[in-house]
Amino acid sequence: MTMAIKPQTYRFCFGPWNISEGADPYGPTTRPTQSFDWKLAKLKELGFDAMMFHDDDAVPDVDSKSDAQITKEAKELRKKLKDAGIAAEIVAPRLWFSPMTIDGAYTSNDPKARQYAIERSLRCIDIAKIIGSDLIVLWLAREGTYLRESKNGKRSVEYLVQAIDKMLAHDKKIRIAIEPKPNEPMDIAYIPTIGHALALASLTQEPKRVGALIETAHAILAGLDPADEIDFAMSFGKLWSLHLNDQNGLKFDQDKPFGSNNLRLAFNQVRALERNGYGRRGEFVAFDVHPFRTTKVEHTVDHLVNSRRTFLKLVEKVRTFDEPMAQKYIADRNYQALDQMVIEHLLGQ
Ligand code: XUL
Ligand code: MN
């Protein structure tokens, strides 16, 4: 007798920065700032399972605090999360705010800045351990250039490997997920795609502990199909976290609600996750989405609820897709019929 595989049930999360205030480079905030406690209570009330963190979401102003103070505050957060029954999914060092990292963090031309970036990353690991996460996310925000002649690309790769090796050596249990993005804030980033992230992982001391996080918008900004990026990473067993959102072409990073711009692209991402069993090893589905600037305060979390709703509806669409019929069209090389079948399935006809 063959055992039926139970359909995957997903667990969801978001970060405190996903309840944002609407500021953009051209104008101020449009909604008031909500406290961390309000966001945590909201996350729980909405039925999400985990929260993702930057190091300074967990311990505000982390650079100005002693190790003892950081430990104390991280322990307070651990208790808060435990009381709420909410897990900490990931912790990411916010390496792009400090005056030390104007010219990059791990790849800065200034050795003091590189040192700062590594020390801050080790502290981030300490915080993650205390609040109960073993997954460190590296969005390599300023690792790239505005001007290619200003840095040496090969040396930058060496610096990245050295930094990751220091993190791996600092704690034998943590894993690192690299979140690639091809541009913004940099003109051109050094690690723009999942392929780059996994190649970088292979140069480290322990490639097994270095994987990836895919963000829909980042893949689109790289001119790639996020579903292919998911399939690629999962072919290597390396998709350890996920930032679903949407993006209208090659513009600024938009972090729109999942499926907002291209429902078919979203459908194909969910298909890739389903067929590869994303979540079976405890991975979470995170939405790295922001409210539209125009959002009124009373709708401040709707983008998160809607993203999860769209995701779950697309899971149903994937599970009810007529796969035998699709296979028949594929065998007959009738991609015109396959195309229409997908469109009508998404239209609910
Ligand atoms: C930036 C981005 C970040 C990371 C976390 O584009 O996506 O929010 O996900 O540092
Ligand atoms: Mn992200």
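Contact here means heavy atoms within 4.5 Å. The structure is a predicted model.

**Exercise 1. Lys44**

Task: State which residues Lys44 is in contact with, leaving aside its neighbours within four places in sequence, and whether Lys44 is buried, partly exposed or exposed.

Solution.
1. Lys44 is found in helix H1, a helix that spans residues 36–45.
2. Once neighbours within four places in sequence are left aside, Lys44 is in contact with Ala84 and Ile86.
3. For Gly85, the C-alpha separation from Lys44 is 8.1 Å, with the two positions 41 residues apart along the chain counted as their distance apart.
4. Partly exposed lies between the limits of 20% and 50% relative accessible area. Lys44 has 45% relative accessibility, so it counts as partly exposed.

**Exercise 2. Gly211**

Task: Locate Gly211 in the secondary structure and decide whether Gly211 is buried or exposed.

Solution.
1. Gly211 belongs to strand E8, residues 210–215.
2. Its relative accessible area is 0%, so Gly211 is buried.
3. Not counting residues up to four places away in sequence, Gly211 touches Ile176, Ala177, Ile178, Leu198, Lys238 and Trp240.
4. Ile176, Ala177 and Ile178 in that list fall within the range of strand E6 (175–179), and Trp240 falls within that of strand E9 (239–244).
5. As a distance check, the C-alpha atoms of Gly211 and Ala199 are 10.0 Å apart, at a sequence separation of twelve residues.

**Exercise 3. The nonpolar cores**

Task: Find how many residues the largest nonpolar core has, and which helix gives the most to it.

Solution.
1. The largest nonpolar core has 84 residues.
2. Helix H4, residues 111–131, gives the most to this core, namely nine residues.
3. Another core lies apart from it, with 13 residues that include Trp17, Ala92, Leu135 and Ala286.
4. Within the largest core, the residues with the most contacts are Tyr106, Leu273, Phe287 and Phe311.
5. Take Phe287 as a case. Beyond four places in sequence, its contacts are Phe12, Cys13, Phe14, Asn18, Phe48, Met52, Leu244, Phe258, Leu304, Ser307, Arg308 and Phe311.
6. As background, nonpolar side chains tend to be buried together in soluble globular proteins.

**Exercise 4. The cysteines**

Task: Explain why Cys13 and Cys124 form no disulfide.

Solution.
1. A disulfide is a covalent bond between the sulfur atoms of two cysteines.
2. The cut-off for the pair of sulfur atoms is 2.5 Å.
3. The cysteine sulfur closest to that of Cys13 is in Cys124, at 15 Å, and therefore too far for a bond. Starting from Cys124, the closest cysteine sulfur is that of Cys13.
4. A search of the whole structure accordingly gives zero disulfides.
5. Cys13 is buried at 0% relative accessibility, and Cys124 is buried at 0% as well.

**Exercise 5. The two largest pockets**

Task: For the largest and the second largest pocket, give the volume and the class make-up of the lining.

Solution.
1. The largest pocket holds about 1800 Å³ of space. Of its 50 lining residues, Trp17, Ser20, Ala23, Asp255 and His290 are the closest to its centre.
2. Its lining has 20 nonpolar, eleven polar and 19 charged residues.
3. H1, H2, E3, H4 and E4 each supply at least two residues of that lining.
4. The second largest pocket has a volume of about 360 Å³. It is lined by 24 residues, and Arg175, Trp240, Arg281, Gly282 and Glu283 lie nearest its centre.
5. By class, this second lining has eleven nonpolar, five polar and eight charged residues.
6. H3, E3, H4 and E9 each supply at least two residues of it.

**Exercise 6. Backbone geometry**

Task: Which residues does a cis peptide bond join, and what is the phi of Glu184?

Solution.
1. Most residues other than glycine have a negative phi, and most peptide bonds are trans.
2. The cis peptide bond joins Glu184 and Pro185, with omega about 10 degrees.
3. Glu184 has a positive phi, near 65 degrees.
4. Glu184 lies in the loop between E6 and E7, as does Pro185. At 30% relative accessibility, Glu184 is partly exposed.
5. Asp255 also has a positive phi, of about 50 degrees. It sits in the loop between E9 and helix H9 and is buried, with a relative accessible area of 9%.

Methods. Residues numbered from 1 in each chain as written. Chains lettered and ligands numbered in written order. Predicted model: local features only at pLDDT ≥ 70, side-chain atom pairs only at ≥ 80, totals over all residues. Heavy atoms only, no water. Core = buried A, V, L, I, M, F, W, Y, C linked by side-chain atoms within 4.5 Å. Buried < 20%, exposed > 50% of the residue type's maximum accessible area, 1.4 Å probe, protein only. Helix = DSSP H or I, 4+ residues; strand = E, 2+ residues; numbered from the N terminus. 1 Å grid on protein atoms, 1.4 Å probe; cavity = no way out; pocket = protein on both sides within 12 Å on 5 of 7 lines; lining within 4 Å. Points joined across faces, edges and corners; volume = space filled by probe spheres on them. Nonpolar A, V, L, I, M, F, W, Y, C, P; charged D, E, K, R; others polar.
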